[in-house]
Amino acid sequence: MKIRVALAGNPNVGKSVVFNNLTGGHQHIGNWPGKTIDKAEGTVNYKGNEIYVIDLPGTYSLTAYSAEELIARDYIIQEKPDVVINIVDASNLERNLYLTLQLLELGANVIIALNKMDLAERENVKIDIERLEKKLGIPIIPMVAPKKEGMKELLDAIIKYAKKSVKREMNYNEKIERYIDEVEKIIEGKLEGFDKRWIAIKILENDKEVKKKIGKDLLSQCEEIREKMNKNVGDPEIALADARYQLIKDICGDVLTKERKVTVSDIIDSVLLDKFFGIPIFVSILWMIFQFGFMVSAPFCDFLGDGFAALSSVLSGATGIQWFDYLFFGDYGVLNGIGMVLSFVLLIILLYFALSLVEDFGYMARAAFLMDKIMRKLGLSGRAIIPMILGFGCNVPAIYATRMIPDEKDRLVAIVTNPLMLCGARLVFFSAIVGAVFGKAGGDVILSLYLLGIVLAFIVAIILRKTILKGRVSPFILELPPYQMPVPKVSLSKAWQRGKLFFTKAGKVVLPGILILGILLITSTSFTYTENAEESLAAAIGKAFLPIVAPLGWDWRLLVAALFGIVAKEIVLGASALLYGASEETIATTMASMYTPLQMYSYMVFILIYVPCIVTIGAIKQEAGSKWAIFTLIYGIILAYIMAWVVLGFGHLMGVV
Ligand SMILES: Nc1nc2c(ncn2[C@@H]2O[C@H](COP(=O)(O)OP(=O)(O)OP(=O)(O)O)[C@@H](O)[C@H]2O)c(=O)[nH]1
Ligand SMILES: [Mg+2]
């Protein structure tokens, strides 16, 4: 049997954990509301059935007010899944049931997955499940999704109820049902394929999307009833919401007992959200994440880098074809370049691991809360802090995460400034060269680049807010989820996913990029084989544009590395290796001997700012349109150029040469 299943529920209830459990998918999981922004799909085979599962974005309601709500609702209406699994947070039953009632109104075949049972237990919330099943008339499966508790029962329930459409009577009070009945009579037999009662309710609620579906005649008849209801019981939309809340209250009064004490979350919050210590703690947490990543990965990174360099020299001359050996295994070798990039994979994985521990712990929403006041003054919404932190890993998911910012202008500012967050790919280049160029100060240099990116993001935001995106940043309410111990396995698998992505990127983008550069390097301007880089095509390209950057102390090599970095920032490092004929060990010393630390710093600042990589540009285009993607490109290049000069000028003033 083929069964189509949709997962619906409030934000942050665990839909994506369930989805991943069922399908083996890799949906973004974390402890803050609003991660899944589009639907994701997968399939699972169970007891001879092919179950197709779709993960919907989290919504508190099914009105037509927000994109997420429309995505979720349209899917259920149009695709008519055989089963809608309504994931409900057991520790927050009352609020979650509001959506449940709306799903039932829709006439969907609902099964409740009562998730986070462990949390409910910890918070002393007791639910009489059998009674709740009776009251709602639908099956309920208690579960703890991250521990896979209840998954088998859920699968069995899906199969059992898939083709059994139970008719449920979910009635509100008499005062309201009268009007629903009246509208139902008018539309009787008119709208094939829709649940009559649902249409009636939506018409009374003045739902724009539903009203569009109905002919003028019918609509005016319905409007009369709406008017009548308005006169007798007040605004129908409010009356219906009240009716749902009343019903929920009745149900919960019957099945729910809770003695909510001061929870551990409350205690932790009193420290982490402290007026004075909150922000210093936030900064320290970030600092620890990066410290952890660098410290643990350093030996591995050296080892791999050396390994690839050694491999190159062992293989040099292996094939006997001169140009081939030179291109792949020579000092300027592609193997060496790619190896250097790969040696940073552990750093990337560790950073992601640490970031996702913090995310799963429940700290992201707190960071947004803490920073909101300051951020708003600086032109960004507090919610933008989450995409900013994610941007330290990779700007692409960060750009998508801005969807949680409801105000359009707030969101655009967050998107356009996000590439200034120093991502893992740029970090690969910076961490490879700071050691030899700046010696012991290397760590501080990297830290200063992180800070510079953040400061510039705020400056750009303020300027945008005062010019083309004029207006106030709207205040926000973001629910603070309870803290929970992160499950290391979950965070590890997330980090591993990232690491895999890094590998794939290395294979698909970085390697071809370096290969092309390598070929340009061994081809002379008269298209013959050359080992003299100065007369290569690459040099010719670099030299053509050199006048623009020569005053900054660059030579053509730095320029070519930057040009190739547009494709992916990891390439800057691999390209440098090729261009300077250096290995992990020697790249930094080579560069240090050719440029002053000040020039190098100025170059790094340029690389930090100049353009987002191609994938990021694509994400910006998708989320904000081409206009903003081009805007980001142009302001980036101008700002990078100015800042490279500012660094040099400032350095000279301070007496650094
Ligand atoms: N303690 C506990 N935590 C859970 C349970 N299920 C999920 N979580 C955690 O709740 C958080 C949210 O889970 P997600 O699957 O990302 O939630 P979602 O419903 O997809 O959220 P959005 O996509 O943001 O709407 C994660 O940190 C999970 O680890 C559970 O049964 N018990
Ligand atoms: Mg999700």
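The points below comment on the domains, the ligand shell and two helical regions of this predicted model.

1. Domain layout. The chain is divided into domain 1, covering residues 2–161, domain 2, covering 174–258, and domain 3, which is assembled from the two segments 278–471 and 491–653. Taken over C-alpha atoms, the centres of domain 1 and domain 2 are separated by 25 Å, and the contact between these two domains draws 18 residues from domain 1 and 17 residues from domain 2.

2. The face of domain 1 towards domain 2. On the side of domain 1 that touches domain 2, at least two residues each are supplied by α3 (93–105), by β6 (125–127) and by α5 (129–136). Of these elements α3 provides the largest share, with 6 residues. In terms of residue class, this side of domain 1 divides into 9 nonpolar, 3 polar and 6 charged residues.

3. The shell around ligand 1. Ligand 1 is surrounded by 25 residues, of which G14, K15, S16, T36 and G58 are the closest. Helices α1 (15–23) and α4 (117–122) each contribute at least two residues to this shell, and the largest share, 3 residues, comes from α1. By class, the shell around ligand 1 consists of 11 polar, 9 nonpolar and 5 charged residues.

4. Helix α20. Of the 10 residues in helix α20 (residues 408–417), 8 are buried, so the helix is largely enclosed by the rest of the structure. The buried residues of α20 are D410, R411, L412, V413, A414, I415, V416 and T417. What covers these buried residues includes α18 (385–393), α19 (395–401) and α22 (442–466), together with α29 (614–624) and α30 (626–653).

5. The α25–α26 pair. The axes of helix α25 (residues 556–565) and helix α26 (residues 570–580) come within 8 Å and cross at roughly 150 degrees, and the crossing in which α25 passes α26 is right-handed. From α25 the contact is made by R557, V560, A561, A562, F564 and G565, and from α26 by I571, V572, A575, S576, L579 and Y580. Sorted by class, the contact of α25 with α26 comprises 9 nonpolar residues, 2 polar residues and 1 charged residue.

How values were computed. Residues numbered from 1 in each chain as written. Chains lettered and ligands numbered in written order. Predicted model: local features only at pLDDT ≥ 70, side-chain atom pairs only at ≥ 80, totals over all residues. Axes fitted to C-alpha atoms, helices over the stretch in contact; angles between N-to-C directions. Helix = DSSP H or I, 4+ residues; strand = E, 2+ residues; numbered from the N terminus. Left-handed = near helix turned anticlockwise from the far one by under 90°. Contact = placed C-beta atoms within 7 Å. Nonpolar A, V, L, I, M, F, W, Y, C, P; charged D, E, K, R; others polar. Domains from an automatic or database assignment. Near = placed C-beta within 6 Å. Buried ≥ 20, exposed ≤ 12 C-beta atoms within 10 Å, placed from the backbone.
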